[in-house]
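Student: I am new to this structure and would like a close look at a single part of it. Please take one part, go through it slowly, and then show me what lies around it.

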Amino acid sequence: MIYAGKIVDDSARPRLGVTVSGRIGNAVVRNRIKRRVRECFRLELRDLMPPDASLVVIARKGAGDLRYSEIQTELTASVRIAGARLKAAAS
């Protein structure tokens, strides 16, 4: 699940928060998920987001089984939808 919204901060750049519960797997699996999400954000998602937005990714059951390309596809689609909603709300 992804929540997106505007933030009040001095730095006008998108921010990322990643939460992976212990129920998802052991530390190796949790850290792998976080690394993949951060890398996806760095390479692609940051450019798709409004400069003052925050993205919070909460990993759900089964996230440890996803490949990087699957994570990237899901997050990109979600950010595009959230961006459209933020633009519509601003209008």
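**A close look at helix H2**

Tutor: At 1.5 Å a residue, the 23 residues of H2 should span 33 Å, and the end C-alpha atoms of H2 are 32 Å apart, which agrees. The expected span of a helix is taken as 1.5 Å times one less than its number of residues. Helices (H or I, at least four residues) and strands (E, at least two) are DSSP runs, numbered from the N terminus. The model is a predicted one, so local features need pLDDT of at least 70 and side-chain atom pairs count only at pLDDT 80 or more, while totals for chains, interfaces and linings use all residues. Residues are numbered from 1 along each chain as its sequence is written, and side-chain values use heavy atoms, with hydrogens and water left out.

Begin with the whole chain. The chain has two helices and three strands, and from the N terminus on its elements run β-β-α-β-α. Of the 91 residues, 25% count as buried; buried means under 20% relative accessible area, exposed means over 50%, and partly exposed is in between, with a 1.4 Å probe and protein chains only. Taking contacts between residues at least 6 apart in sequence, 81% join residues at least 24 apart, where contact means heavy atoms within 4.5 Å.

Now H2 itself. The buried residues in H2 are Ile-71, Leu-75, Thr-76, Val-79, Ala-82, Gly-83 and Leu-86. Thr-76, which lies in H2, counts as buried because its relative accessible area is 9%. Once its neighbours within four places in sequence are left aside, Thr-76 is in contact with Glu-44, Leu-45 and Leu-48. With Glu-44 there is a side-chain to side-chain polar contact of 3.3 Å. A polar contact is a pair of N or O atoms within 3.5 Å; within protein, one must be able to donate a hydrogen and the other to accept it, and residues adjacent in sequence count only if both atoms are side-chain atoms. The side chain of Thr-76 also reaches the backbone oxygen of Gln-72, at 2.7 Å.

Gln-72 has its place in H2 too. With a relative accessible area of 22%, Gln-72 is partly exposed. The side chains of Gln-72 and Glu-44 are joined by a polar contact of 2.4 Å. Apart from neighbours within four places in sequence, Gln-72 is in contact with Cys-40 and Glu-44. Gln-72 and Leu-45 are 27 residues apart in sequence, and their C-alpha atoms are 8.8 Å apart in space.

These partners lead to helix H1 (residues 27–48). In H1, the buried residues are Ile-33, Val-37, Cys-40, Phe-41 and Leu-45, and what covers them includes S2, S3 and H2 (68–90). The 22 residues of H1 should span 32 Å at 1.5 Å a residue, and the end C-alpha atoms are 30 Å apart, which agrees. H1 has a kink of about 55 degrees, centred on Arg-42; the bend at a residue is the angle between axes fitted to the seven residues ending there and the seven starting there. Asn-26 caps the N-terminal end of H1, with a side-chain oxygen 3.2 Å from the backbone nitrogen of Val-28.

The strands complete the surroundings. S2 (residues 15–19) and S3 (residues 53–58) pair in the parallel sense over five bridges; two strands pair if DSSP finds at least two bridges between them. From S2 the chain passes through H1 to S3, and this β-α-β crossover is left-handed. A crossover is right-handed if, with the strands pointing away from the viewer, the path from the first strand over the helix to the second runs clockwise. Along the pair, Leu-16 has Leu-55 in S3 as its bridge partner, and Thr-19 stands opposite Ile-58 in S3. Val-56, in S3, is partly exposed, with a relative accessible area of 32%. The C-alpha atoms of Val-56 and Val-18 are separated by 5.8 Å, although the residues are 38 apart along the chain.

Last comes Arg-13, in the loop between S1 (2–6) and S2. Arg-13 counts as exposed, at 56% relative accessibility. Not counting residues up to four places away in sequence, Arg-13 touches Pro-51 and Ala-53.
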